[in-house]
Amino acid sequence: MTVEALTEEQPLVSARRQLSEAAQYLSLDEGLHAMLAHPRREMTVGVPLRHDGGHVTVFTGHRVQHNLSRGPAKGGIRFAPTVNLDEVRALAMWMTWKCALIDLPYGGAKGGVTIDPRLHSRAELERVTRRYTSELAGFIGPERDIPAPDIGTDEQTMAWMMDTISVARGYTVPGVVTGKPLHIGGSRGRADATSIGVARVGLAALENAGIAADGGTAAVQGFGKVGAGTARFFSEAGMRVVGVSDQYAALYSERGIDIAALQEYVGRHGSVAGFTGADEIEHDDLLELDVDLLAPCAVEGVITAHNAESIRARIIVEGANGPTTPDADLILKDKGIDVVPDILANSGGVVVSYFEWVQANQAYWWTANRVESRLVERMLAGWALIRDESVRTGRTLRESATAIAVHRVAEAHKVRGLYP
Ligand SMILES: NC(=O)C1=CN([C@@H]2O[C@H](COP(=O)(O)OP(=O)(O)OC[C@H]3O[C@@H](n4cnc5c(N)ncnc54)[C@H](OP(=O)(O)O)[C@@H]3O)[C@@H](O)[C@H]2O)C=CC1
Ligand SMILES: O=C(O)CCC(=O)C(=O)O
């Protein structure tokens, strides 16, 4: 582990500090704390790609299974130029806490390939996905480790992964990945599940603070699978979404941005940049807008000790994994800003992934209504659990959520037998 060389902004440092705080609060045995701080299994693979032009580049891919005590490992696959092993380790640890907090029968995992998908043709991305999946073939499976989409991947990526594993096994294995297209055993409602979850717990937190959603204001960082849906659901709840951003531009409109029109524009142009229904602002200013709800839905480490003092949102709801560093959390706590933590706020995706896996294993498909009502029921129960714990203990929502999750995983370890 290279954690000593890392800085406060890096996700593995944040993840380990959050675990240490929970371990101390729970008076966790030192050995158990050490076990939970280390991934159970890791695989790093070379992924050669023959480009459309004929030359070959070798990319690096990872899959980290942080914990398997409550069930098979579960977590997304990221394709991004910034992917590195320590980041994947942190994301895998957060998956363990997320699945435990929302009470899914899973451990935590994450994977990624260090590649910029925007620079490659569809054919090249298919070859990269299939080669990466072949390298992981013995490591993943419906009873072992079940990938899903994350940054830079989508349902097509999952279809290629499922097909690669199915060809290798000689029969169709729908339960090996979730977030698949409907035609091959995907679940109704998975595409919007993360965003619905972020929006529902964000709105619940607003209500808890006595702020009316109707007429309230929101800003959303990231306009991808999670961010765009979150902005749309806020807008449908009557909020004015005054700010949104992607990698290329940040937009602001005091009147509120027409999210449906923006989604249509992004569908045609690939970015929010150039949309005429709002003004362009600096990226950093998006996070500092005076809004009721701020939803970071892009990457880790965007709210840090450097900008936390300038945050003016009443409530932060974390669509992204790890957007707020522990130092920033301390500042936000002092400022009285509630942070609905990632391990609850964005858990809607893995909840419906679980529903998808259950459906695939039973070959029995649920209606959209059944998926959504069970999703919302779980999200609101998760929200009530951490809010009540926070009220009871005087600790933050993140501290409460992490302690509940770590406790559940620790109990699973203890009852199965420690230190084999
Ligand atoms: N997909 C899912 O089901 C789940 C995702 N998450 C988490 O949500 C976050 C977003 O994932 P997802 O929506 O799937 O990924 P996508 O790849 O679909 O979208 C990512 C978005 O973030 C934008 N972005 C990246 N960097 C920045 C930046 N520095 N400033 C502003 N915008 C930025 C991208 O911009 P551009 O389009 O210009 O590249 C894009 O709009 C990640 O943290 C992921 O781990 C969590 C739970 C489930
Ligand atoms: O749907 C899943 O299995 C996991 C999604 C994911 O990667 C996440 O919640 O961060």
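**Exercise 1.** In this predicted model, find which residues Val340 is in contact with, leaving aside its neighbours within four places in sequence.

*Solution.* Apply the cut-off: C-beta atoms within 7 Å. Start with the lower numbers: Val201, Gly202 and Ala205 are in contact with Val340. Next come Ile315, Ile316, Val317 and Glu318. Ala345 and Leu397 complete the list.

**Exercise 2.** Place Val340 in the largest nonpolar core, and state where this core lies.

*Solution.* The core holds 118 residues. Val340 is among the five that touch the most other members; the others are Val241, Leu293, Val317 and Val406. Now turn to the contributors. Helix α3, residues 85–101, gives the most, with eleven residues. Then check the domains. Domain 1 (40–171) and domain 2 (191–345) both give residues, so the core lies between them.

**Exercise 3.** Describe the setting of strand β7, residues 240–245.

*Solution.* Begin with burial. Five of the six residues of β7 are buried, so the strand is largely enclosed by the rest of the structure. Then look at the pairing. Strand β6 (residues 217–221) runs parallel to β7, and five bridges join them. Finally, find the position opposite Val241 in β7: Ala218 stands there. Val241 also ranks among the core residues that touch the most other members.

**Exercise 4.** Characterise the shell around ligand 2.

*Solution.* Count first: 14 residues surround ligand 2. The closest are Gly76, Ala148, Gly349, Val350 and Ser353. Sort the shell by type: three residues are nonpolar, eight polar and three charged. Then assign elements. β3 (73–80), α3 and α12 (348–362) each supply at least two residues.

Key. Residues numbered from 1 in each chain as written. Chains lettered and ligands numbered in written order. Predicted model: local features only at pLDDT ≥ 70, side-chain atom pairs only at ≥ 80, totals over all residues. Core = buried A, V, L, I, M, F, W, Y, C linked by C-beta atoms within 7 Å. Buried ≥ 20, exposed ≤ 12 C-beta atoms within 10 Å, placed from the backbone. Helix = DSSP H or I, 4+ residues; strand = E, 2+ residues; numbered from the N terminus. Domains from an automatic or database assignment. Contact = placed C-beta atoms within 7 Å. Near = placed C-beta within 6 Å. Nonpolar A, V, L, I, M, F, W, Y, C, P; charged D, E, K, R; others polar. Pairing = 2+ DSSP bridges.
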